[in-house]
Each structure stands twice: as structure tokens, then as C-alpha cells.
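Welcome, and thanks for taking a look at this one. Here is a short briefing to read alongside the structure.

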Amino acid sequence: MTGSILPIALGFAFVCVSASIVLNLFRLWRGPLSADRILAVDTLTINAIAMIVLFGIAYTTPDYFEAALLLAMVGFVGTVAYCKFLLRGDIVE
Amino acid sequence: MTLFAEILVSALLVLGGVFVLVGSWGLAKLPSVMTRLHGPTKATTLGVGACLIASMIYFPFFSGTWSAHELLITLFLFLTAPVSANLIAKAHLHRQGRRIDPNPSDQIVDGLPPPLGTADWATFAGGTTTDTAIPGEADGDRRS
């Protein structure tokens with residue numbers, strides 16, 4: 001790590017993303033409808049991508065980006081599959 | 001130049017963290033599904049985009065390597081966030097509009113008001129045909 005303001009900003013971003021994940025888990029636990037829960041899982045995936053990217057900056061290694069890319073694709077496909085199941089009652093017709 | 005890059009990366013990280021937190025706060029706080037869709041689809045996507053751009057600026061200056069992975073992730077997220085939001089809204093409308101999944105805990109009624117003309121909304125238009133079968137009615141005997 002280099003200067004003095006980058007670790008502070010990185011810690012702030014870590015705290016923000018962790019609080020966001022807690023709020024998403026609250027909505028996932030509470031959410032009265034299944035659309036709420038799908039939305040919470042989708043947001044949880046996006047927050048996990050942000051967390052992985054922040055870990056990549058903190059350890060200065062580019063090894064985590066494949067994981068982030070994979071998580072983005074799998075999260076999108078999962079959201080589409082959940083919505084299709086809600087709409088049609090089946091995924092592969 | 002390194003100091004300038006560090007300030008830029010720090011500003012983008014703080015901006016991204018604040019936007020991610022605002023999006024998830026909206027997801028937890030807002031009263032109904034249609035309003036809850038606003039937070040994650042706009043604020044969180046922008047926050048993750050800011051974090052990815054910060055990472056894209058960080059690595060050439062402090063590690064010496066450059067990769068297009070961050071740009072790829074940003075592009076993919078910005079392309080797929082509206083699609084998934086649209087699908088979630090459509091699934092919610094079809095469940096709520098058909099009274100399959102009524103929501104007694106919500107104070108705000110989420111159903112669509114009727115359109116001005118004589119026709120129904122386009123997403124409900126094929127409702128009587130087998131094209132948009134209701135889960136639990138038409139598909140129930142097929143699965144059982």
C-alpha cells in the first residue's frame with residue numbers, strides 16, 4: 001500500500017459494502033414477496049462483486065477478477081431463471 | 001502523478017462505497033417492491049461501476065499490470081442490470097396483477113391502474129391464451 005489516504009478510502013469502502021450486504025440479508029430474510037427475495041439475491045451478487053474487487057485492490061493482485069466476472073454472469077443467469085420460474089412455473093420448457 | 005492517481009482512486013472508492021450503501025439502504029427501507037427496484041438497479045450498479053473503474057486506475061500505477069477484466073465486468077453489469085430489473089418487475093406484476101400473491105403487509109397497493117383505452121396492458125394481453133400460463137393453474141397438473 002502506498003500513501004495514507006488510499007487505505008482510509010479502502011477501509012471506508014469495505015465498511016460500506018459490508019453494511020450493504022447486511023441490509024441485503026435483512027431484505028432476503030424479511031422480504032414479504034418472492035420478488036423481494038430475488039431482488040435481494042441479485043443485489044447480494046452485485047455487492048459480492050464489489051467486495052471481490054475491493055479485495056483485489058487491497059492485496060494488489062489481479063487474480064480475483066475471473067471470480068468477479070464469473071459471479072456477474074452466474075448471478076444474471078440465476079436472476080433470469082428465478083424470474084422465469086415465477087412467470088411460467090418452469091425453467092426449461 | 002502517483003499522488004494524483006491515488007487521490008483519484010480514493011475518491012472513486014469513496015463514491016462507489018457511498019452509492020452501494022445508498023442502493024442497499026433503499027432496498028431495505030422503501031415500502032413496496034416497485035419502489036425497492038429503484039435502489040439496487042441504479043445506485044448499486046453505479047457504485048460497483050465506480051469501484052471497478054477505481055481498480056482499473058489502481059493497477060497500472062501501483063502494480064504495473066493492466067487488464068481489461070474490469071472493463072468487461074463493468075460492461076456486463078451495465079448491460080444486465082436493466083434486463084434483470086425488467087424481468088423482476090414483470091414477474092412481480094404478473095403475480096400481483098393476477099392476485100396470486102397478494103401482499104397484506106404492504107401499505108401501498110402495487111397493482112397497475114387500468115389503461116385509458118379498452119385494451120388491457122400489453123403484458124397481460126395474452127392472459128387468456130395458453131401463451132402466458134399462470135403458475136399453479138395451467139402448469140400445476142402438468143407437473144403433478
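The largest nonpolar core counts 37 residues, and those with the most contacts inside it are Ile49(A), Ala50(A), Val53(A), Leu54(A) and Cys51(B). Please keep in mind that this is a predicted model.

**The cores**
- Two or more residues of the 37-residue core come from each of these elements: in chain A, helix 1 (5-30), helix 2 (34-59) and helix 3; in chain B, helix 1 (2-29), helix 3 (38-62) and helix 4 (69-97).
- Helix 3 of chain B gives nine residues, the largest share of this core.
- A second core, separate from that one, has 16 residues, including Leu39(A), Leu44(A), Leu86(A) and Ile88(B).
- Leaving aside residues up to four places away in sequence, Leu54(A) touches Leu10(A), Ala13(A), Phe14(A) and Val17(A), as well as Cys51(B) from the other chain.

**Helix 3 of chain A**
- This helix covers residues 65-88, 24 residues in total, and its first and last C-alpha atoms are 34 Å apart, close to the 34 Å expected at 1.5 Å a residue.
- Its buried residues are Phe65(A), Ala68(A), Ala72(A), Gly75(A), Phe76(A), Thr79(A), Tyr82(A), Cys83(A) and Leu86(A).
- In an α-helix there are 3.6 residues a turn, so residues three or four places apart point the same way.
- After the helix comes Gly89(A), with a positive phi near 80°.

**The UniProt record**
- An unreviewed UniProt entry lists residues 6-26, 38-61 and 67-87 of chain A as "transmembrane region".
- Residues 38-61 of chain A are 92% helix and 0% strand in the model, with end C-alpha atoms 32 Å apart.
- Residues 67-87 of chain A are 100% helix and 0% strand, and their end C-alpha atoms lie 30 Å apart.

Note on methods: Residues are numbered from 1 along each chain as its sequence is written. Chains are lettered from A and ligands numbered from 1 in the order in which they are written. This is a predicted model: local features need pLDDT of at least 70, side-chain atom pairs count only at pLDDT 80 or more; totals for chains, interfaces and linings use all residues. Helices (H or I, at least four residues) and strands (E, at least two) are DSSP runs, numbered from the N terminus. The expected span of a helix is 1.5 Å times one less than its number of residues. A residue is buried if 20 or more other C-beta atoms lie within 10 Å of its own, exposed if 12 or fewer, and partly exposed in between; C-beta atoms are placed from the backbone. A nonpolar core is a set of buried Ala, Val, Leu, Ile, Met, Phe, Trp, Tyr and Cys residues joined through C-beta atoms within 7 Å. Two residues are in contact if their C-beta atoms, placed from the backbone, lie within 7 Å. UniProt positions are given in the numbering used here, feature names are shortened, and annotations may be inferred rather than shown by experiment.
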